[in-house]
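User: Please take a close look at the charged side-chain pairs in this model, and then place them within the overall fold. A connected account would be preferred to a list.

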Amino acid sequence: MNIFLTQKDDIGNSKLFLLHQVLTTAANQQSHQITELADADIIIVFSNRSLDRPEFVGKKIFIVDAEQAFNAPETTIQQAVTNATLYSTTESAVDFTDISAPQINRIVAVTACPTGVTQTFMSAEAIMNYAKAQGWQVKVETQGQVGTKEILTNEEIAAADLVFIATDIDINLSKFSGKLLYRTSTRAVLNNVEAEFNQALKQAAIYQVEQNEDIPTITPAPRNYANDFEHCEGSKKIVAVTACPTGVTQTFMSAEAIMNYAKVQGWCVKVETHGQMGSNNLISAEEIADADLVFVAADIDVDLTKFVGKPIYRTSTRAALKETAQEFAKAFEQAVIYTIEQPEEDIITPPARNFANDFATCEGNKKIVAITACPTGVTQTFMSAEAIMNYAKTQGWCVKVETHGQMGSDNLISSEEVEAADLVFVAADIDVDLTKFKGKPLYRTSTSAALKNTAQEFENAFAKAVPYTGIHTTKTCTPQASTTSECCQFKCKGAYLLPFILIGLIIALLIYFMS
């Protein structure tokens, strides 16, 4: 049975995402699947407002309280399949449609925040999910410290019915001249994406290079920190370094926490970030010379040679993120002049990493190669990668994790590493090319399962992994989808029949319409 899940405008975006995740898992366990509206047999409705939608006509709907669905997802799916009723609209319901609103089929969007990671990609995902639920075609360009990804082409912009801009920094919009455009912030999108699109349909105006005053423009507050360090006249000057093993989530979130706290205190600050994506926003010798304090929030070893002779304080990214004020209070009390021969007790040294890039020289009792991937390629990708690496470390294994997503592929696994591996562990929510693993024992699951149930998933992996044949399948057999390996193999092998099934359906449809 194909099931479509509606949006709900009075709960947060994170809660809505989790609600959809638990219902998707429950549906898979009962041999149903979550699909788009056009393919759905049943629609699960979390809000009465959704009843005024003519596109539901001819489909069965099931109305349920969102909290109830979240607490009992398996029961909700069972009741939906059993108790859903056919929906039909009335003239009064159709009158709710705003006929003055532009007809939307395709949208292009841009998201951007100062660090270009957390808010940027979360708001991009919110926009994509909402547009998908409306049946629109959508492409989102993301901008920030990690560069510009999914760049919009002139052809895509020309074909768009609406340009939706969610940014907290100034960006160049000249390529959208002459298009219907609406501007808001990433925070507003994350808090209530549906409300922002409703506003967009009412307030969007034709954008001209000479800024049209009718376009609601959000101008961010001046940034007297980070790259403005040189000209800042704050009471203190701070240089900071953040770093975590993956170099994304904790790195940029702690950097943003440091910058925001410094801004509130009236200080000048520049934060250098380190990780898998390289080093960004590098601190110069002149900036170090001017600094009153070097604040290092790192979970991996970083080269601090350039800070010799400066007062330095070291902590973790987690502490900097959760207890920023307390950590800065400690920093001004406990910072010591940094020297190359600094005593070990003054340095917070993270545990030795005998995984990831150290795979070739690792002497663990097992060697694992892993892949993580999610649609945006950020949050779930790197959090599940970190979960895999941390669990492997506790088990004394060697592991290298390759990540895939919007930002490309990082930490690529070589053919030598594949050859040496005892297991290939794939945690992916999108299709990835697994050709190089042909012949190796391989186990597939989702990023969510790898993140939440890492130990259980590895136990399943060693019990159920099978040699990879190189045959591409369009569906991933996850532990949630079946309770036995035989069931999973049956579903995967069913993919061979897919072309014949499609041809049969097309022939049946032709006969039906001809008759």
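Analyst: Lys306 is partly exposed, with a relative accessibility of 37%; on this scale, buried means under 20% relative accessible area, exposed over 50%, and partly exposed in between, with a 1.4 Å probe and protein chains only. Lys306 forms a salt bridge with Glu272, in which the closest N and O atoms are 2.8 Å apart. A salt bridge here is a side-chain nitrogen of Lys or Arg within 4 Å of a carboxyl oxygen of Asp or Glu. Glu272 belongs to strand β12 (residues 268–274), whereas Lys306 sits in the loop between β13 (293–298) and β14 (311–315), so the salt bridge ties together parts that are 34 residues apart in sequence. Helices (H or I, at least four residues) and strands (E, at least two) are DSSP runs, numbered from the N terminus. In contrast to its partly exposed partner, Glu272 counts as buried at 3% relative accessibility.

The structure is a predicted model, in which local features need pLDDT of at least 70 and side-chain atom pairs count only at pLDDT 80 or more, while totals for chains, interfaces and linings use all residues. Residues are numbered from 1 along each chain as its sequence is written, and side-chain values use heavy atoms, with hydrogens and water left out.

Side chains of opposite charge can pair when their charged atoms come close. Seven salt bridges are found in a search of the whole structure. Another of them joins Lys139 to Glu156, with 3.1 Å between the closest N and O atoms. Because Lys139 lies in strand β7 (residues 137–143) and Glu156 in helix α6 (residues 154–159), this pair ties together parts that are 17 residues apart in sequence. Glu156 is partly exposed, at a relative accessible area of 28%.

A further salt bridge, between Lys330 and Glu327, lies within a single helix; its closest N and O atoms are 3.6 Å apart. The two residues are three apart in helix α12 (residues 324–334), and are therefore separated by about one helical turn. Lys330 is partly exposed, with 35% relative accessible area, while Glu327 is buried, with 4%.

Strand β7, which carries Lys139, also takes part in a five-stranded open sheet of mixed pairing, ordered β7-β6-β8-β9-β10. In that sheet β7 and β10 (205–206) are the edge strands, each pairing on one side only; two strands pair if DSSP finds at least two bridges between them. Further into the sheet, strand β8 (residues 162–167) pairs with strand β9 (residues 180–184) in the parallel sense over four bridges, and Phe164 has Tyr182 in β9 as its bridge partner. The loop between β8 and β9 contains Ser174, which is partly exposed at 36% relative accessibility. The C-alpha atom of Ser174 is 8.7 Å from that of Tyr207, although the two residues are 33 apart along the chain.

Five strands also form an open sheet in the order β17-β16-β18-β19-β20, again with mixed pairing. Its edges are β17 (398–404) and β20 (466–467), each of which pairs on one side only. Strands β16 (residues 367–373) and β18 (residues 423–428) run in the parallel sense and pair over six bridges; Val369 has Val424 in β18 as its bridge partner.

These elements belong to a protein with 18 helices and 20 strands. Of its 515 residues, 46% count as buried. Among contacts (heavy atoms within 4.5 Å) between residues at least 6 apart in sequence, 66% join residues at least 24 apart.

Turning from charged pairs to a nonpolar surface feature, Ile501, Leu502 and Leu505 form a patch with about 280 Å² of accessible area together; Leu505 is located in helix α18 (residues 498–514). Patches are made of residues with over 30% relative accessible area and no salt bridge, like charges being joined within 9 Å and nonpolar side chains (Val, Leu, Ile, Met, Phe, Trp, Tyr) within 5 Å.

Confidence also bears on the reading of the model. The mean pLDDT (the predictor's confidence in each residue, from 0 to 100) is 77, and 75% of the residues reach 70 or more. Over residues 90–101 pLDDT stays under 50, and the model has five contacts for them beyond four places in sequence. The stretch 342–355 also has pLDDT below 50, with 25 contacts in the model beyond near neighbours in sequence.

Conventions:
Areas by Shrake-Rupley, 256 points an atom, 1.4 Å probe, with all protein chains shown as cover.
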